[in-house]
Each structure stands twice: as structure tokens, then as C-alpha cells.
Amino acid sequence: MEVAAAGDAALYIDTEGLSADRMEQVARGRARGTAQTVDDLAGRLIITEALDYDEQTEAVQDAAEFAAEVELIVLDSATGFYRLRRDDEDGGETLRDVARQITHLLSLARKHDIAVLYTNQVFTDPDSDRSTALGGHTLNHWSGAIVRLDRFRGGNRRATLEKHRAKPAGDTAQFRITDSGLVGDDTPETPQ
């Protein structure tokens, strides 16, 4: 929403079931006190819904059609359908296909000087009892920056920088999700 509020366009590839009501709520909150309307902000968002892995693959390829018009491409989530497919098919080939999707988006980022953000799913590794990203090292390798998000009591969240090309890992920021978007919060809480 911040990209739209700044007057630029964004492409959002949704594989998770984006809530139109929540998007409207955030747009209303973000437009409050400005000359912009919810329709102004919504008009700068291109939302593509993918209902299965094949549709996700197609939507990622189609992103090339919008790359010259947008400042940001979001793929939410890159690995949601991978998690479903790896039980049915060769998980290695599916992971290679996800990696091809990410490299396609990154090539668009370099060619058009735009930002690409993708979310990933996690699982608890039984050997280490830690949360581990799906796709292992493959997706981590292609990421210029990795931010881990943790949820705490009271709706508080923490973003931790795990990888960055120019900054040391470990920096954190506390925030809350409100009706109008993200609000910084310096009150640490115990993780749930």
C-alpha cells in the first residue's frame, strides 16, 4: 500500500487468499488525512490471484507484461503451492521450478530497476527444533535480503534482518499491524 500511497503502481501475485476487506481497510486508513481516496490507491494496485501451482507459474511469467509500469512486484507466497505439490510429485523438480520463477522475477527487477518481494513458508525442523524456510538454501541463495517476521502477544511483531548484501544480520524492528497498516513499536514482548 505504501507504493500506491507514494503515487506508484505495484503488482501483487496472490496465492494465499488476499482479503479485499482488509486491503480496503488499510487503503482507507492510509488515505485518511491526504488528498488521495481509496479508489486512487486501489487504482495503482494490480492484483493477480493464483489458485494453484500452474496459475502461479503463469502469473509469474505474466509479470513481465507489467514490469515497465510498476515499482514493486510481490509474490505471496512463493512456496505455498510447492508445499502441496512436493507430496504428489518430484519435489526436486518443483523446487527447481520455484527457483526459476524467482530468477525470472529477479531478472525483471534488474532490467526495470524495480523491487521484488516474495514471501516464503516455514516449517519446524525436527532435528534442530527451529523454524526453517521451505526450499532450503535454494531460495535463500537468490534472496538479496531476508527478513524473518515473528508474532508476539498483543498483536506485536518483530522483523529481524537475517541476510542483506550491505548490512549486518541481526538488526530488528518492532511493529504492530493496525487498521491503517504498520506502526512502529518499541515495546518488546515474549514470543508466543
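These exercises, each with a worked solution, walk through one predicted model.

Residues are numbered from 1 along each chain as its sequence is written. In this predicted model, local features need pLDDT of at least 70 and side-chain atom pairs count only at pLDDT 80 or more, while totals for chains, interfaces and linings use all residues; side-chain values use heavy atoms, with hydrogens and water left out.

**Exercise 1. Helix α2**

Task: Check the span of helix α2 against its number of residues, then find which of its residues are buried.

Solution:
- Step 1. Know the element. Helices (H or I, at least four residues) and strands (E, at least two) are DSSP runs, numbered from the N terminus.
- Step 2. Know the rule. The expected span is 1.5 Å times one less than the number of residues.
- Step 3. Apply the rule. Helix α2 covers residues 20–31, which is 12 residues, so it should span 16 Å. Its end C-alpha atoms are 16 Å apart, and this agrees.
- Step 4. Set the burial scale. Buried means under 20% relative accessible area, exposed means over 50%, and partly exposed lies in between (1.4 Å probe, protein chains only).
- Step 5. List the buried residues of α2: Val 26, Ala 27, Gly 29 and Ala 31.
- Step 6. Look at the cover over these residues. It includes α3 (38–42) and β10 (181–184).
- Step 7. Look past the helix. Gly 33 follows α2 and has a positive phi, near 80 degrees.

**Exercise 2. The nonpolar cores**

Task: Find the residues that touch the most other members of the largest nonpolar core, and name the element that gives the most to this core.

Solution:
- Step 1. Define the core. It is a set of buried Ala, Val, Leu, Ile, Met, Phe, Trp, Tyr and Cys residues joined through side-chain atoms within 4.5 Å.
- Step 2. Recall the background. In soluble globular proteins, nonpolar side chains tend to be buried together.
- Step 3. Pick out the residues. The largest core has 26 residues, and those touching the most other members are Ile 13, Ala 63, Ile 73, Leu 75, Ile 102 and Leu 105.
- Step 4. Find the elements. Two or more residues come from each of β1 (10–14), α4 (53–62), β3 (72–76), α5 (80–88) and α6 (91–112).
- Step 5. Name the top giver. It is α6, with 7 residues.
- Step 6. Zoom in on Leu 105. Contact means heavy atoms within 4.5 Å. Neighbours within four places in sequence aside, Leu 105 is in contact with Val 60, Ala 63, Ile 73, Leu 75 and Val 116.
- Step 7. Add the other core. A second, separate core has 5 residues, including Ala 4, Ala 5, Ala 31 and Leu 41.

**Exercise 3. Two domains**

Task: Describe how domain 1 and domain 2 meet.

Solution:
- Step 1. Set the bounds. They come from an automatic or database domain assignment. Domain 1 is 1–135 and domain 2 is 145–191.
- Step 2. Take the distance. The domain centres, over C-alpha atoms, are separated by 19 Å.
- Step 3. Count the residues in the contact. Domain 1 gives 5 residues and domain 2 gives 5 residues.
- Step 4. Find the buried area, the accessible area (1.4 Å probe) that two parts lose on being put together, summed over both. Here it is about 380 Å², with 42% on carbon and sulfur atoms.
- Step 5. Find the main contributors in domain 1. Arg 22, Gln 25 and Val 26 lose the most area to domain 2, together 68% of what that side buries.

**Exercise 4. Unusual backbone**

Task: Locate the cis peptide bond, and then two residues other than glycine with positive phi.

Solution:
- Step 1. Recall the norm. Most residues other than glycine have a negative phi, and most peptide bonds are trans.
- Step 2. Find the cis bond. It joins Asp 76 and Ser 77, with omega about 10 degrees. Ser 77 sits in the loop between β3 and α5.
- Step 3. Take Asp 113. Its phi is positive, near 55 degrees. Asp 113 lies in the loop between α6 and β4 (115–118). It counts as exposed because its relative accessibility is 67%.
- Step 4. Take Asp 129. Its phi is positive, about 60 degrees. Asp 129 lies in the loop between β5 (122–125) and β6 (130–133). Its relative accessible area is 63%, so Asp 129 is exposed.

**Exercise 5. Salt bridges**

Task: Examine the salt bridge of Glu 24, then find a network.

Solution:
- Step 1. Define the pair: a side-chain nitrogen of Lys or Arg within 4 Å of a carboxyl oxygen of Asp or Glu.
- Step 2. Take the total. The structure holds 6 salt bridges.
- Step 3. Find the partner. Glu 24 pairs with Arg 28, with the closest N and O atoms 3.7 Å apart.
- Step 4. Place the pair. Both lie in helix α2, 4 residues apart, about one turn of the helix.
- Step 5. Find the network. Salt bridges link Arg 148, Asp 150, Arg 158 and Glu 162. Within it, Arg 148 and Asp 150 meet at 3.1 Å, N to O.
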